[in-house]
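Here is a short briefing to read alongside the model. It moves from a surface spot to an enclosed strand and its partners.

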Amino acid sequence: MNADMIMIHYGELSTKGDNRKAFIACLLHNVRCALKPYGVESKADRDHIYVYLAGKDPKPIFERLKEVAGIQRLSLVMKAEPTLEAMQEAALALLQEEKGAKTFKLDVKRVNKRFPLDSYGISCAVADYVLDHSSLTVDLHEPDARVKITLRVDASYLSCHEELGLGGYPLGMIGKVTMLLSGGIDSPVASYALIRRGIRIECLHFASPPYTSMAVVDKLKDILAKLNVYQSDIKLQVLPFTKIQEAIYDNVPEPYCITTMRRMMIRLAVAMAKKNKCLAVATGESIGQVASQTLESIGVIEEVTNFPILRPLCATDKLSIIETSKRIDTYDISIRPYEDCCTIFKPKKPKTRPHLDECLLYESRFDYESLIQECLAGVETIYFSEGQEVQK
């Protein structure tokens, strides 16, 4: 297709009311940042963003835009004069490029109400022209090819190729959260889900050397490089969690160790989130998947704070999570053999229905507050941008 531009459709942004202009401006900024390497221009109006190809190959630009949050649909568009003759010729040219197409349908939108024919009249006139100059036939129900025609005052716009975008909201429009990144399958998918909803993430990882290898951090860097496709700059902070874990396993009965450990993690994550001006903490938890993710466990773990905790995957099954991880290309990284701070000290029979009073009793046996402060003081920060580690 000899496309002149790519038309971006907003989807959910059209429901934002008074905030619509701010959302569109944010999306336009993100589009321009994503397309900077391609040297193309773009502009926005109330209904669409237009990316002007200026003779450039549309395929890589189209594919890059499919990775930008806030875009519902993308169309390759041919621009023609706002005349019936021009629309007829352009529609025929588009359909003749559709290899193997035997049937077609036209969808016409007449924005220019002064045009002498209404939408139905335009559709009939263009269809008659195509029927007279090709072997194609009309099929209104299951056509092989569909041409959309939008007639405006300045020009007519015809499209034959449309694909779904990432959807959601423009990145950064909703705020920033602290994402707990373990290196497993779930947390990268949860990160992707947040980014898709316009939420910028900063990542937090709990390391337990020498019980866990620092090779886990290399694994996390590879995951961040994949997530950089959707958020170009991501900060990872690594907390030294060893002393807290040792204190837990010295003072807490084995069935309660995981619950106590998660309570400590939430305390630390909230402290880091507040320090980094994040609006919430997020995890990759899915309800009922493991012992610490039962509703009873979640209630006891969350008792340590009233700070917002998000669980993007809470009602998502494991097969769906794996499918998404493969689609965003993190699955093969996530399944590399590794031991994180949760698996290395995993109890044989973790408590699935813990009691808060018992947790409080066990926590009173050691000075976890000073250990938390020591942990926070030892944080290591890593920055990732455009798939590469950078120094700041």
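Valine 138 sits in strand β6 (residues 137-138). This is a predicted model. Valine 138 has 41% relative accessibility. That value lies between the 20% and 50% cut-offs, so valine 138 counts as partly exposed.

**Surface patch**
- Val138 joins Leu131 and Leu140 in a nonpolar surface patch.
- The patch covers about 250 Å².

**Strand β9 and its neighbours**
- Strand β9 spans residues 175-180, and five of its six residues are buried.
- β9 is therefore largely enclosed by the rest of the structure.
- Strand β10 (residues 199-207) runs parallel to β9, and six bridges join the two.
- Within that pairing, glycine 175 has isoleucine 199 of β10 as its bridge partner.
- β9 also pairs with strand β12 (residues 280-282), again in the parallel sense, over three bridges.
- Here methionine 179 stands opposite alanine 282 of β12.

**Helix α5 and the crossover**
- Helix α5 (residues 186-196) combines with β9 and β10 in a β-α-β unit.
- The unit is right-handed.
- Nine of the 11 residues of α5 are buried, so the helix is largely enclosed by the rest of the structure.
- The buried residues of α5 include Asp186, Ser187, Pro188 and Val189.
- Ala190, Ser191, Tyr192, Leu194 and Ile195 are also buried in α5.
- Glycine 198, just after α5, takes a positive phi of about 85°.

Technical notes:
Residues numbered from 1 in each chain as written. Predicted model: local features only at pLDDT ≥ 70, side-chain atom pairs only at ≥ 80, totals over all residues. Heavy atoms only, no water. Buried < 20%, exposed > 50% of the residue type's maximum accessible area, 1.4 Å probe, protein only. Helix = DSSP H or I, 4+ residues; strand = E, 2+ residues; numbered from the N terminus. Pairing = 2+ DSSP bridges. Right-handed = clockwise from strand over helix to strand, strands pointing away. Patch = residues over 30% accessible without salt bridge, like charges linked within 9 Å, V, L, I, M, F, W, Y side chains within 5 Å. Areas by Shrake-Rupley, 256 points an atom, 1.4 Å probe, with all protein chains shown as cover. Salt bridge = Lys/Arg side-chain N within 4 Å of Asp/Glu carboxyl O.
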